Amino acid sequence: MQSSLLPHMLHGCDYNPDQWLDRPDILEEDIQYMKKAGINCVSLGIFAWAALEPEEGVYTFGWLGEIIENLHQNGIVTFLATPSGARPVWMAKKYPEVLRTGSDLVRGEMGDRHNHCYTSPVYREKVYAVNKKLAETFGSHPAVKLWHLSNEYGGECFCPLCVAAFRRWLETKYQTVNAVNDAWWTRFWSHTYTDWSQIDPPLTRGEHCTQGLKLDWMRFVTAQTVDFMTWEKKAVRDGGSSLPVTANFMGFYDGLNYSKFAPLLDVVSWDSYPSWHSDAETDAGVAVHTAASHDLMRSILPDKPWLLMESTPSCTNWQPVSKVKRPGMHMLSSMQAVAHGSDSVQYFQWRKSRGSCEKFHGAVVSHDRRSDTRVFGDVAGLGKRLASLDALIGSVPRPQAAVLYDRENDWAIKGSAGPRNAGMGYQETVVRHYQALWQMGIGCDLPDMEADLSRYAFIAAPMLYMQRAGIAEKLRRFVENGGVLVGTCFSGLVDENDLCFLSDAPNGLVDVFGVRAEEFSGLYDNEFNHTIWSDRCYAMSSIIELVRPEGASVLAAFENDFYRGEPSLTVNHYGKGKAYYIAGGAGLPLLSDLYAQLADELNLPRALDAELPEGVTAQTRMKGDRTFVVAQNYQQYPARIHLHTPIRDLETGEEVSLLELSPYGVRVLEK
Ligand code: GAL
């Protein structure tokens, strides 16, 4: 498949005409307004199963065909969804097994969505049949360009079918029950199993202390969901369609290990709903988390452009407080996705529904049916801008820096009773390390332990608590070959089953870091230790370690308590590279100063040749010998940046050495 779906930037939306089939005036208006807003693609049929198969085995696809054709005639392509994200009532009533069972062992009733059993043979049979028919009917329509498989795969089911599948999965993995006992250390509290049938998933009133069980359950849930998606994909292939497929993911959602879906995906897509203008964080803070989420999703297939499948044109209606975007934020937040490699900006939703639970969720068209609203104007403005940015199509960020984030490590840290049951903050820590690069305009991937790490010059691997097979060796080779690695406290402690290594920590990397960590301790939320490095004092929080140098140079020491004088920051030369160890929870100031120094030493490319003011960043997209830069200002006041090397504004052609960004401004440049 080509690296991009279409030669144009995509501007689109989830479109639900199935809710309006008795309103031809609305459907007609949709087309007129889409053209006015510069919409060139729609995701169609996501929750349309009842309209596609109103009775068991009775398929009514005529309306869908007319809609696809009408869109096509008006220059709008279709991403065709399979409808498995929500099932029709007749199915749930006739076949209750399709409904999900909770960890309390109570089966859900018909209602809501995303709550079907991925194991149920009946559900799989029904999904297969409708998917295959959709593929046979529309798979070769010239306007259908992509399969949007289901919607936001996620969740777990504890029904007898799933439990049986889990036991089979364990049997394949471990062969014998005793191997399970060994892997999960079940002799603890006499939880030894003597038969496969005794192994239950982590039920509400059941087993929670066996961490290996919890980890394997999450791995099984991922495997079962991958298997379900494989089945959905097979159905469209059996229906004769070879179109590319995607599934819309959810960023840092931790219910699935998304990287396991990579082999099934032709293109990565995800749904981004940041809480702009929140009272808990600045817009720049929200932007950092959103940027990290974009890069996390992009890192699933790091060499390809991806799609922003959903975002809101104004507000959501499910956040604790849902705010509309202030003027300028729609352009900025949409272009942020483009900056991180998206070839599309798409919305949930085109038109607000009249009733039910999402009627007040933001949409391009509201209940007033007007196209002269503020939101419509913002959307149309973006449409116009995207239409002029086809040069960016197919370009990708290609960073030389990475912050390692591993979903299984995340599960392990959350599930393991340790120094801070009040919250270990693994994701927050990863994002903080990422932020130190983001604010310098240095591009960054977020690979996991399975990824190829040899492509980077710099890797931060904070809180590498769990070591999945081979990671210590990979990191060793990385440093040996000249890479710069930053490790932190709470690393190299357990294997994939959460069994502690009977060795010095960080396991297998003591000689690489030149330190061994002897003890770790939690700090209370408002408790700090301090360290002085290069004449600046930095607070350390959350976790603190006592480490013993084994060859490393001590760059800084702790200041407080009995830790005073003990190493807080060390560096070790190993092979052609260097490994830093931070023995406590580092705040942004320390990471910023350390990473600025390392970025200069390593000559890590910055998107702009300048010091960036707070709240301003820039990202790079490259193809062939062209390098594009998207500069963004997340402050509500203007920014002026003196560039050491001038750059060309891609949209105006102007040569820029003083880069001015308006409040919430964004500019597309070319080096
Ligand atoms: C997404 C979902 C959409 C819509 C949206 C609302 O998670 O895929 O169908 O519900 O949230 O923000």
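Two rings of Phe, Tyr or Trp, the last taken by its six-membered ring, form an aromatic pair if their centres lie within 6.5 Å. By that rule the structure, which is a predicted model, holds 33 aromatic pairs. One of them is worth a visit. The ring centres of tyrosine 128 and tryptophan 231 are 5.0 Å apart, and because their planes meet at 35 degrees, the pair is classed as tilted. For reference, planes under 30 degrees apart would count as stacked and those over 60 as edge-to-face. This pair also links distant parts of the chain. Tyrosine 128 belongs to helix H5 (residues 121-138) and tryptophan 231 to helix H8 (residues 211-238), with the two positions 103 residues apart in numbering.

Now let us turn to the ligand. Which pocket does the ligand take up? The space it fills is the largest pocket. The residues surrounding the ligand are Phe47, Arg113, Asn151, Glu152, Asp271, Tyr273, Glu310, Trp318, Phe348, Glu358 and His361. By character, this shell divides into four nonpolar, two polar and five charged residues.

Three side chains place an N or O atom at the following distances from an oxygen atom of the ligand:

| Side chain | Distance to a ligand oxygen atom |
|---|---|
| arginine 113 | 2.8 Å |
| glutamate 152 | 2.5 Å |
| tryptophan 318 | 2.7 Å |

How much of the ligand's accessible area does the protein cover? On its own the ligand has 310 Å² of accessible area, and the protein covers 94% of it.

The backbone has a few details to look at as well. Phenylalanine 348, one of the residues around the ligand, is joined to glutamine 349 by a cis peptide bond with omega of about 20 degrees. Glutamine 349 itself sits in the loop that runs between strand E9 (342-347) and helix H11 (374-387).

A cis peptide bond is also found from alanine 505 to proline 506, where omega is near -5 degrees. Proline 506 is part of the loop between strand E13 (484-488) and helix H15 (510-513).

Finally, where does aspartate 112 lie? Its place is in the loop between helix H4 (89-94) and H5. Aspartate 112 has phi near 55 degrees, a positive value in a residue other than glycine. Helix H5 is also the element that holds tyrosine 128 of the tilted pair.

How values were computed. Residues are numbered from 1 along each chain as its sequence is written. This is a predicted model: local features need pLDDT of at least 70, side-chain atom pairs count only at pLDDT 80 or more; totals for chains, interfaces and linings use all residues. Side-chain values use heavy atoms; hydrogens and water are left out. A residue is near a molecule or strand if one of its heavy atoms lies within 4 Å of it. A polar contact is a pair of N or O atoms within 3.5 Å; within protein, one must be able to donate a hydrogen and the other to accept it, and residues adjacent in sequence count only if both atoms are side-chain atoms. Accessible areas come from the Shrake-Rupley method with a 1.4 Å probe; for residues, only the protein chains shown count as cover. On a 1 Å grid over the protein atoms alone, a cavity is a set of points where a 1.4 Å probe fits but cannot get out, and a pocket is an open set with protein on both sides within 12 Å along at least five of seven lines; lining residues have an atom within 4 Å of a point. A molecule sits in a cavity or pocket if more than half of its atoms lie within 2 Å of its grid points. Ala, Val, Leu, Ile, Met, Phe, Trp, Tyr, Cys and Pro count as nonpolar, Asp, Glu, Lys and Arg as charged, and the others, Gly among them, as polar. Helices (H or I, at least four residues) and strands (E, at least two) are DSSP runs, numbered from the N terminus.
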